[in-house]
Amino acid sequence: MAMSQRATVILATRLIALIATLIAAVVMASSHEKGTIFGAISYEAKYSDTPAFKYFVIANVVVTIYGFLVLFLPSESQLWRLVLVFDLVLTMLLVSSISAALAIAQVGKKGNSHAGWLPVCNQIPKYCSQTTAALVAGFVGLVVYFLLVCYSIHRDLDPFLVRKN
């Protein structure tokens with residue numbers, strides 16, 4: 001693959017990751033719905049009510065900003081080795097934020113009979129659907145960043161020793 005074609009593929013991949021993390025953050029941050037319990041008690045479910053969802057939004061915003069800044073890095077820059085380190089760290093940040101948010105989403109959907117927590121997705125389906133969409137977009141961003149890390153390791157570190165010096 002030619003160098004300019006390779007750079008175009010990397011740019012497109014980084015754009016996909018940027019868009020996925022941006023969508024994940026926006027969809028989660030805009031998720032809210034009012035519901036009622038037993039027809040008498042009303043409440044509003046928002047992402048900011050749960051620390052795990054806040055962490056998910058903050059992590060995706062950080063990764064989105066980073067992804068935007070990396071788009072302006074010249075392809076011949078020596079900073080790309082540092083980008084590999086940041087890609088790896090931010091991929092781990094995405095893994096932890098998605099894991100935390102998925103755990104809370106699972107409790108919201110299924111409840112926890114041992115702890116006495118009831119499922120709430122029956123009362124607030126729109127909120128749960130938005131949360132699911134945000135988690136899917138975040139997972140897409142995670143997979144793309146994982147692929148970028150794998151490619152960068154292969155390109156910069158040559159772990160299989162395929163290049164001859």
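Hi everyone. Let's begin with the stretch from residue 85 to residue 108: this part of the chain is 100% helix and 0% strand, and its end C-alpha atoms sit 35 Å apart. Please keep in mind as we go that this is a predicted model.

Where does that stretch come from? UniProt, in an unreviewed entry, gives the feature "transmembrane region" at residues 53–73, 85–108 and 133–154. For residues 133–154, the model again shows 100% helix and 0% strand, with 32 Å between the end C-alpha atoms. The unreviewed entry also carries the annotation "domain: Casparian strip membrane protein", covering residues 7–143. Over those residues the chain is 68% helix and 9% strand, and the end C-alpha atoms are 19 Å apart.

Now let's walk along helix H3. Leu-88 belongs to this helix, which runs over residues 80–110. Is Leu-88 buried or exposed? Neither label fits, because its relative accessible area is 39%, and that makes Leu-88 partly exposed. Leu-88 is also one member of a nonpolar surface patch of about 620 Å². The other residues in the patch are Leu-79, Leu-82, Val-85, Phe-86, Val-89 and Met-92.

Further along, Leu-102 is found in helix H3 too. With a relative accessible area of 44%, Leu-102 counts as partly exposed. If you look for Leu-135, you will see its C-alpha atom 7.4 Å from that of Leu-102, although the two positions lie 33 residues apart along the chain.

Next to Leu-88 in the sequence is Asp-87, and here I'd like to stop for a moment. How many salt bridges does the structure hold? The count is 1. Asp-87 makes that salt bridge with Arg-14, and the closest N and O atoms are 2.5 Å apart. The pair links distant parts of the chain, since Asp-87 is in helix H3 while Arg-14 is in helix H1, residues 3–29, and the two are 73 residues apart. Both partners are tucked away from the surface: Asp-87 is buried because its relative accessible area is 0%, and Arg-14 is buried as well, at 4%.

Let's move over to helix H2, which spans residues 51–70 and contains Asn-60. Why do we call Asn-60 buried? Its relative accessibility is 0%, so Asn-60 falls under the 20% cut-off for buried residues. What does the Asn-60 side chain reach? It reaches the backbone oxygen of Phe-56, at 2.8 Å. Leaving aside residues up to four places away in sequence, Asn-60 touches Thr-21, Ala-24, Ala-25, Leu-94, Ser-97 and Gly-138.

Our last stop, Thr-64, is in helix H2 as well. Thr-64 is buried, because its relative accessible area is 10%. Which side chain does Thr-64 meet in a polar contact? The partner is Thr-21, and the contact is 2.8 Å. With residues up to four places away in sequence set aside, Thr-64 touches Leu-18, Thr-21 and Leu-22. So Thr-21 comes up twice in our tour, being touched by Asn-60 and by Thr-64.

If you want to find your way around on screen, try starting from the salt bridge between Asp-87 and Arg-14, then look for the contact between Thr-64 and Thr-21. Thanks for listening!

Technical notes:
Residues numbered from 1 in each chain as written. Predicted model: local features only at pLDDT ≥ 70, side-chain atom pairs only at ≥ 80, totals over all residues. Heavy atoms only, no water. Helix = DSSP H or I, 4+ residues; strand = E, 2+ residues; numbered from the N terminus. Buried < 20%, exposed > 50% of the residue type's maximum accessible area, 1.4 Å probe, protein only. Polar contact = N/O pair within 3.5 Å; in protein donor to acceptor, adjacent residues only side chain to side chain. Contact = heavy atoms within 4.5 Å. UniProt positions renumbered as here; feature names shortened; annotations may be inferred. Patch = residues over 30% accessible without salt bridge, like charges linked within 9 Å, V, L, I, M, F, W, Y side chains within 5 Å. Areas by Shrake-Rupley, 256 points an atom, 1.4 Å probe, with all protein chains shown as cover. Salt bridge = Lys/Arg side-chain N within 4 Å of Asp/Glu carboxyl O.
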